[in-house]
There are 2 protein chains.
Amino acid sequence: MDSEELRNAGLKVTTPRLKILTLLENSAERHMTAETIYRLLVEGGEVIGLATVYRALAQFEAAGLITRHHFDSGQTVYELERGPHHDHIVCIRCGRVEEFYDKVIEERQREIAASLGFTLSDHALTLYGQCNSADCPGRNG
Amino acid sequence: MDSEELRNAGLKVTTPRLKILTLLENSAERHMTAETIYRLLVEGGEVIGLATVYRALAQFEAAGLITRHHFDSGQTVYELERGPHHDHIVCIRCGRVEEFYDKVIEERQREIAASLGFTLSDHALTLYGQCNSADCPGRNG
DNA sequence: GCCTAAACGATAATGATTCTCAATATAGAT
DNA sequence: ATCTATATTGAGAATCATTATCGTTTAGGC
Ligand SMILES: [Mn+2]
Ligand SMILES: [Mn+2]
Ligand SMILES: [Zn+2]
Ligand SMILES: [Zn+2]
């Protein structure tokens, strides 16, 4: 139950938080902007404020429930933390996001940080390119 | 001469553009925000508008003279394009930025994109950690 | 030097995110 | 189950970064 997750995170169990968490769990698209989350909820008939969405997302992130990404669009994208770490490849035409994990890259990152005298705590790797999905516009050329 | 670079980029040689380009070339810090560039110029006694800085940076980027980065701060950071491609590691305490290039990572990225059916066109890799600089606050434990 | 399109600086407008505040709901204690 | 202290909410104002507008100035081909 989502209530458990909130309690474990030290957050009160409130209706808006449950709505947001449930949406993040059930949505097909795993990577969403705050505005998108808000819009989906409102379109689904829920009454909720945009500020509440931002607040909840910030709290979820602080609690480690979600992660935030800064793809090239500039807008912050949120993603429910489930499963192991991964990085992303984004289609510059249709915006589709695929996930991948590469042991070699992860290992090299640790070595690079160490060689530069840094204590590595995090990283962000995003590849950009054109996908081969049938739905991707402008394909074929 | 900077005038050459502007002409080669198909841009008119104007005083503001020269000021900005010169600053980017002479500044010790290679990675700067638009606001920082603007402030440095104004503090240096120049008369220039913030909008002009943004405009020039956008044009420089379109011409391939500079690149833009989205580190975790969210703010866009600009960097003069000189020398070969590289990625970055940012200190989460003092903000210091170091550069690196890793052949293995670059190669793996190409392989990953290909295996996922993407035509790779770009990528952004940033490592975050704590540096060992003497100036870095909060160091020591 | 003249002329016209491009560029400039100031400032208004926009888009994303955060803050403020009065009303409401939660969690714990009766 | 009810009460209470406090955290949370929703609406809208405020802020921050960035972009658009517009009247004035300037670059550069003739
Ligand atoms: Mn993901
Ligand atoms: Mn760099
Ligand atoms: Zn695509
Ligand atoms: Zn540091």
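Reader: What are the protein donors of the zinc ion (ligand 4)?

Author: In this predicted model, the donors are Cys91(B), Cys94(B), Cys131(B) and Cys136(B), each through SG. They lie 2.2 to 2.3 Å from the ion. The cut-off for a donor to zinc is 2.8 Å, so these atoms count. Along the chain the donors of ligand 4 follow the spacing C-x2-C-x36-C-x4-C.

Reader: Why is the site of the zinc ion (ligand 4) called tetrahedral?

Author: The angles among the 4 donor atoms of ligand 4 are 106 to 113°. Four donors count as tetrahedral if all angles lie between 85 and 135 degrees, so the site meets the criterion. The ideal angle for four tetrahedral donors is 109.5 degrees.

Reader: What makes the arrangement around the zinc ion (ligand 3) tetrahedral?

Author: Ligand 3 is coordinated by SG of Cys91(A), Cys94(A), Cys131(A) and Cys136(A), at 2.2 to 2.4 Å. These 4 donor atoms subtend angles of 105 to 113°, and the arrangement is therefore tetrahedral. The spacing of the donors of ligand 3 is C-x2-C-x36-C-x4-C.

Reader: Which residues are closest to DNA strand D, and why do they count as near?

Author: The closest are Thr14(A), Thr52(A), Arg55(A), Tyr54(B) and Gln75(B), among 19 residues that surround the strand. They count because a residue is near when one of its heavy atoms lies within 4 Å of the strand. Helices H2 (15–26) and H4 (50–62) of chain A and helix H4 (50–62) of chain B each supply at least two residues of this surface. The largest share, 4 residues, comes from H4(B).

Reader: How do you know which side chains make polar contacts with a phosphate oxygen of DNA strand D?

Author: The test is a pair of N or O atoms within 3.5 Å. An N or O atom in the side chain of Thr52(A) is 2.4 Å from a phosphate oxygen of strand D. For Tyr54(B) the corresponding distance is 2.5 Å, and for Arg17(A) it is 2.9 Å. These values are within the limit, so the pairs count as polar contacts. Of the strand D atoms within 4 Å of the protein, 73% belong to sugar or phosphate and the rest to bases.

Reader: What contacts does DNA strand C have with Arg55(A), Val47(B) and Gly49(B)?

Author: An N or O atom in the side chain of Arg55(A) is 3.5 Å from a base oxygen of strand C. Polar backbone atoms of Val47(B) and Gly49(B) are 3.2 Å and 3.4 Å from a phosphate oxygen. H4 of chain A, together with helix H2 (15–26) and H4 of chain B, gives two or more residues each to the surface near strand C. There the largest share, 4 residues, comes from H4(A).

Reader: How many residues line the largest pocket, and which are closest to its centre?

Author: The largest pocket has a volume of about 1,000 Å³. Of its 47 lining residues, the closest to the centre are Ala124(A), Leu125(A), Thr126(A), Ala124(B) and Thr126(B). The elements giving two or more residues to the lining include strand S6 (119–130) of chain A and strand S6 (119–130) of chain B.

Reader: How do the residues of that lining divide into nonpolar, polar and charged?

Author: The lining of the largest pocket has 12 nonpolar, 17 polar and 18 charged residues.

Definitions and conventions
Residues are numbered from 1 along each chain as its sequence is written. Chains are lettered from A and ligands numbered from 1 in the order in which they are written. This is a predicted model: local features need pLDDT of at least 70, side-chain atom pairs count only at pLDDT 80 or more; totals for chains, interfaces and linings use all residues. Side-chain values use heavy atoms; hydrogens and water are left out. On a 1 Å grid over the protein atoms alone, a cavity is a set of points where a 1.4 Å probe fits but cannot get out, and a pocket is an open set with protein on both sides within 12 Å along at least five of seven lines; lining residues have an atom within 4 Å of a point. Grid points are joined across faces, edges and corners, and a volume is the space filled by probe spheres set on the points. Ala, Val, Leu, Ile, Met, Phe, Trp, Tyr, Cys and Pro count as nonpolar, Asp, Glu, Lys and Arg as charged, and the others, Gly among them, as polar. A polar contact is a pair of N or O atoms within 3.5 Å; within protein, one must be able to donate a hydrogen and the other to accept it, and residues adjacent in sequence count only if both atoms are side-chain atoms. Donors are N, O and S atoms within 2.8 Å of the metal (3.2 Å for Na, K and Ca); water is not among the atoms, so sites may look incomplete. Four donors count as tetrahedral if all angles lie between 85 and 135 degrees; four count as square planar and six as octahedral if opposite donors are over 155 degrees apart and all others between 65 and 115; anything else is irregular.
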